[in-house]
Amino acid sequence: MDEKKPRLLTKKKPASESDDDSETVTKPKPMTKWSIVWRLGATAVALVILTCGQFLNTNDFFPLGSLTQYATAKDLNGEVNSTCIEAQFPGEDEPRRLGFNTGTVGIERGDIESQLDRVISHPELLQTLADSYERLHPDEPKPESMILCRTVTQLENGQSVGEPEHKILATWEVQ
Amino acid sequence: MNRPANSTGKTQTLTATPAEARVGNPIIGWFTPQISLARVAIFRVFVYIFVIIDVLTISADVIPHGWTPDLYQPLWLARFLHIPPVSVLGAQILLAAIIVFSLLAAAGILQRISGWMVAITFGLWMFYTQGYGYVAHDHMALVIAVVVLPTVGVARFRDVGTTSAKAGWALRVVQISVILTYFYSAVMKWIASGNITHWANGAVIVWALMRRGAEWSKLFLEMPGLLIAGQWATLAFEFLSPIVLFFKGRWLYGAVIFFMIFHLMTYLALGIHFLPTVICWAAFLPLEKLIPKRCAASQ
């Protein structure tokens, strides 16, 4: 392989990257200095951004954001919160729990949980969930109101006690 | 790391060659090892076919996001590039473009153009799946793989005996991304909890099982002690994960199998599959061995 190299280098000049030519080439030319420098530089920059993403605890630099999933410690005697979405339909006594996913309301539970404060302070954002529900379920009645809720389960020594508590976080009269 | 292939005939993860042994700086040599171009050609098939599966299943929420523009929370790069919220039609066009370019890139047709077009269109798709609040970190290695693969240039299946340091760098970067997905998630647990023992002795798995656990796995809610042991074990292998970058042969295969089993367990128990990272584990394997000898280019 190595004996071939000088011959190939004299034949192929300049050694371009159009490598779909000779079948006799077994080893492409070595990388140029610049080729190595930009690769190592880009690797270093990406590592710095990724590391900063962790210490700043931000996902903003995606794909080099913080790896926060399941990173928060949970108290064995604390509460387990789970966000839910309900809709009040005409003629029904109680609000009905909807699937919190893109197939039902156009968005996943995790997306809303990640901007929960914003949605609670701007409940009009629930209108877009109602609109999505209508589009995705054209044959079903239109909801009268949307209710953003939370179930809270109390833990004791890591085990749940009692029935989950139901809390209303925001409501919106559908327009 | 820059040792020539050993004489035992055991599997080499990144084929060491005499040329690699001559690289002056061992750090540069480690980041840019000479590997078979056929390995990249096969890895590209894994990645680009998976991209199609990803946009049709795991990250298929982009089209519904077209209905919820008010919930758009653009990420930094999307804000910097002034990328507007996606429309339903825009998402459908983007989906078609990703599928076409991924098929071309997987087949090795117009390699550079198709590779860069997947990087652009899939990158945009990622901004639209991750830009509505929740950012999933299982896509880090996949997105990086899609960005670095076109830098290799042309790589054909028959290039089994042709080595390239550009290919070595690309797959090394994917390997590092895979490993840091675990290592930095352990670091983040430390940062987020303040005291790592609070996380390990806490109720994270209980919390996850209650929120999204499968019925069979809820039995484990009766055994918080076992779940705490599981948390310590998770922490240990996440912190130790960087050593996999230096494994070879059986140790490497063992590590890959271990992580596959871990992801299988979390999938069965919690529905968390982590497939975008799982597929990138292929970057650790000598994939060129999958090419039949008669198909390899004559030397």
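The following paragraphs describe the chains of this predicted model, the contact between them and some local features.

Chain A is a convenient place to start, with its 6 helices and 4 strands. Along the sequence these elements come in the order α-α-β-β-α-α-α-α-β-β. Of the 175 residues in chain A, 26% are buried. Among contacts in chain A with a separation of 6 or more, 51% link residues 24 or more positions apart.

One residue of strand 3 of chain A gives a local view of this arrangement: A:Leu148. A:Leu148 has 23 other C-beta atoms within 10 Å and is therefore buried, the threshold being 20 or more. Once neighbours within four places in sequence are left aside, the contacts of A:Leu148 are A:Ile85, A:Val119, A:Leu126, A:Leu169 and A:Ala170. A:Val174, 26 residues away from A:Leu148 in sequence, lies 13 Å from A:Leu148 in space, C-alpha to C-alpha.

The loop between helix 2 and strand 1 of chain A deserves a visit for its backbone geometry. A:Asn57 lies in this loop and has a positive phi of about 50°, although A:Asn57 is not a glycine. A:Tyr70, in the loop between helix 2 and strand 1 of chain A as well, is another non-glycine residue with a positive phi, here about 60°. Their surroundings can be set side by side: A:Asn57 counts as partly exposed, with 13 C-beta neighbours inside 10 Å, whereas A:Tyr70 is buried, with 20 other C-beta atoms within 10 Å. The loop also holds A:Pro63, which is joined to A:Phe62 by a cis peptide bond with omega of about 10°.

Attention now turns to the meeting of the two chains. In the contact between them, 59 residues of chain A face 59 residues of chain B. On the side of chain A that touches chain B, at least two residues each come from helix 2 (33-55), strand 1 (79-88), helix 4 (109-114), helix 6 (126-136), strand 3 (145-156) and strand 4 (159-173). Helix 2 of chain A gives the largest share of that side, 7 residues. The class make-up of the side of chain A that touches chain B is 21 nonpolar, 24 polar and 14 charged residues.

The nonpolar cores come next. In soluble globular proteins, nonpolar side chains tend to be buried together. The largest nonpolar core has 95 residues, and those touching the most other members are B:Ala145, B:Val146, B:Ala170, B:Val174 and B:Cys280. Helix 9 (residues 165-193) of chain B supplies the largest share of this core, 17 residues. A second, separate core has 18 residues, including A:Phe100, A:Val119, A:Ala130 and A:Trp172. Back in the largest core, B:Val174 touches B:Ala141, B:Ile144, B:Ala145, B:Val148, B:Cys280 and B:Ala283, residues up to four places away in sequence not being counted.

Chain B also offers a helix pair to inspect. Helix 11 (residues 204-212) and helix 12 (residues 224-240) of chain B pack with their axes 8 Å apart and at an angle of about 110°, which means that helix 11 of chain B is roughly perpendicular to helix 12 of chain B. From helix 11 of chain B, B:Val204, B:Ile205 and B:Val206 meet B:Pro224, B:Leu227, B:Gly230 and B:Gln231 of helix 12 of chain B. The residues of this contact comprise 5 nonpolar, 2 polar and no charged.

Finally, helix 13 (residues 249-270) of chain B has 22 residues and spans 32 Å from its first C-alpha to its last, close to the 32 Å expected at 1.5 Å a residue. B:Gly271, just after helix 13 of chain B, adopts a positive phi of about 75°.

Methods. Residues are numbered from 1 along each chain as its sequence is written. Chains are lettered from A and ligands numbered from 1 in the order in which they are written. This is a predicted model: local features need pLDDT of at least 70, side-chain atom pairs count only at pLDDT 80 or more; totals for chains, interfaces and linings use all residues. Axes are lines fitted to C-alpha atoms, for helices over the stretch in contact, and angles run from 0 to 180 degrees between N-to-C directions. Angles under 35 degrees count as roughly parallel, over 145 as roughly antiparallel, 65 to 115 as roughly perpendicular and the rest as oblique. Two residues are in contact if their C-beta atoms, placed from the backbone, lie within 7 Å. Ala, Val, Leu, Ile, Met, Phe, Trp, Tyr, Cys and Pro count as nonpolar, Asp, Glu, Lys and Arg as charged, and the others, Gly among them, as polar. A nonpolar core is a set of buried Ala, Val, Leu, Ile, Met, Phe, Trp, Tyr and Cys residues joined through C-beta atoms within 7 Å. A residue is buried if 20 or more other C-beta atoms lie within 10 Å of its own, exposed if 12 or fewer, and partly exposed in between; C-beta atoms are placed from the backbone. The expected span of a helix is 1.5 Å times one less than its number of residues.
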